Amino acid sequence: EPTKKRFVTEMINWSSRVGEYPLGDPELHHVAGSIFAEECEPYEAERHLALGTKDSPEQLAKCEYDWYTQDEPNTAALYAARAVFPYLLVGNLRSANKAHLIFTSRLNSSNKSLSVQEVSSKSSDIRVYPILPLLNFLGLLLLAIQRGSSDLYKQLAKHYAPHVKEVGVWDDALAQIGEMYFGIRIPRQGNPLFDMMGSMMGFGGGSPKPKPKKADVPPPPAADLD
């Protein structure tokens, strides 16, 4: 309801003005996000839980999973991504991993007939779902980020490109993740002539800085929210 959302916004804004967190107190975000999750308002829940506490990933993963159960079985990755991407986009890899683990654990326990393979190595364990390629992509993406391997990320992006293209809504998030974690710069549109003149005259490239893209979650806060 509008009144509740306005109250939450005012509360968060107040905490950002008087507290140490520019984007609002994590505890308040967690409480607000949990309330929205319980009331089946996933969009509002995502906005707040992404900036919450170390307990928030569990709430968000459960919210997304409950939402997923109302959809087709093969859409699991779409909802898992909604629990993973917000944390990656605010620089919180630990919470992204936790949300992914909780979502996939619930998926496994609720679908005993679902084919899943456990692949283990000295440094990591990963679940592979033969019929859910995009869910595999999310798990391997998290692994690539942990290892800081841009080569692995590029291989993943190439291998899963047809599946990602079918989704159609991950491109912006993945572009930002590629830049944040692997140094793969997002192409900027500018005036080639102006860029060339700027370089020649010492303007350092010339292209105006693009305005921040509007994302599902705000930019990362100054403090670590783990």
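Colleague: Which polar atom lies 2.7 Å from the backbone oxygen of histidine 30?

Modeller: In this predicted model, the partner is a polar atom of the side chain of serine 34. A pair of N or O atoms is read as a polar contact when the two lie within 3.5 Å. Serine 34 itself is found in helix H2.

Colleague: Is serine 34 buried or exposed?

Modeller: A residue is called buried under 20% relative accessible area. Serine 34 has 10% relative accessibility and therefore counts as buried. Leaving aside residues up to four places away in sequence, serine 34 touches Leu49 and Gln59.

Colleague: Which other residues of H2 are buried?

Modeller: Among them are Pro26, His29, His30, Ala32 and Gly33. Phe36 and Ala37 are buried as well.

Colleague: How should the span of helix H2 be checked?

Modeller: The expected span is 1.5 Å times one less than the number of residues. Helix H2 covers residues 26-38, that is 13 residues, so a span of 18 Å is expected. The C-alpha atoms at its ends are 18 Å apart, in agreement with that value.

Colleague: What is found at the N-terminal end of H2, and what follows the helix?

Modeller: Aspartate 25 caps the N-terminal end, with a side-chain oxygen 2.8 Å from the backbone nitrogen of glutamate 27. After H2 comes cysteine 40, whose phi is positive, near 60 degrees.

Colleague: Turning to charged pairs, how many salt bridges does the structure hold?

Modeller: The structure holds 6. The criterion is a side-chain nitrogen of Lys or Arg within 4 Å of a carboxyl oxygen of Asp or Glu. One of the pairs joins arginine 47 to glutamate 44, with an N to O distance of 2.8 Å. Both residues lie in helix H3 (residues 42-49), 3 residues apart, about one turn of the helix. Arginine 47, at 38% relative accessibility, counts as partly exposed, whereas glutamate 44, at 15%, counts as buried.

Colleague: Where do lysine 62 and glutamate 58 stand in relation to each other?

Modeller: They are 4 residues apart in helix H4 (residues 56-68), and therefore about one helical turn separates them. Their side chains meet in a salt bridge of 3.0 Å, N to O. Lysine 62 is partly exposed at 34% relative accessible area, and glutamate 58 is partly exposed at 35%.

Colleague: Which residue meets lysine 54 in a salt bridge?

Modeller: The partner is aspartate 55, at 3.8 Å, N to O. Lysine 54 is exposed, with a relative accessible area of 53%, while aspartate 55 is partly exposed, at 40%.

Notes
Residues are numbered from 1 along each chain as its sequence is written. This is a predicted model: local features need pLDDT of at least 70, side-chain atom pairs count only at pLDDT 80 or more; totals for chains, interfaces and linings use all residues. Side-chain values use heavy atoms; hydrogens and water are left out. Helices (H or I, at least four residues) and strands (E, at least two) are DSSP runs, numbered from the N terminus. Buried means under 20% relative accessible area, exposed over 50%, partly exposed in between (1.4 Å probe, protein chains only). A polar contact is a pair of N or O atoms within 3.5 Å; within protein, one must be able to donate a hydrogen and the other to accept it, and residues adjacent in sequence count only if both atoms are side-chain atoms. Contact means heavy atoms within 4.5 Å.
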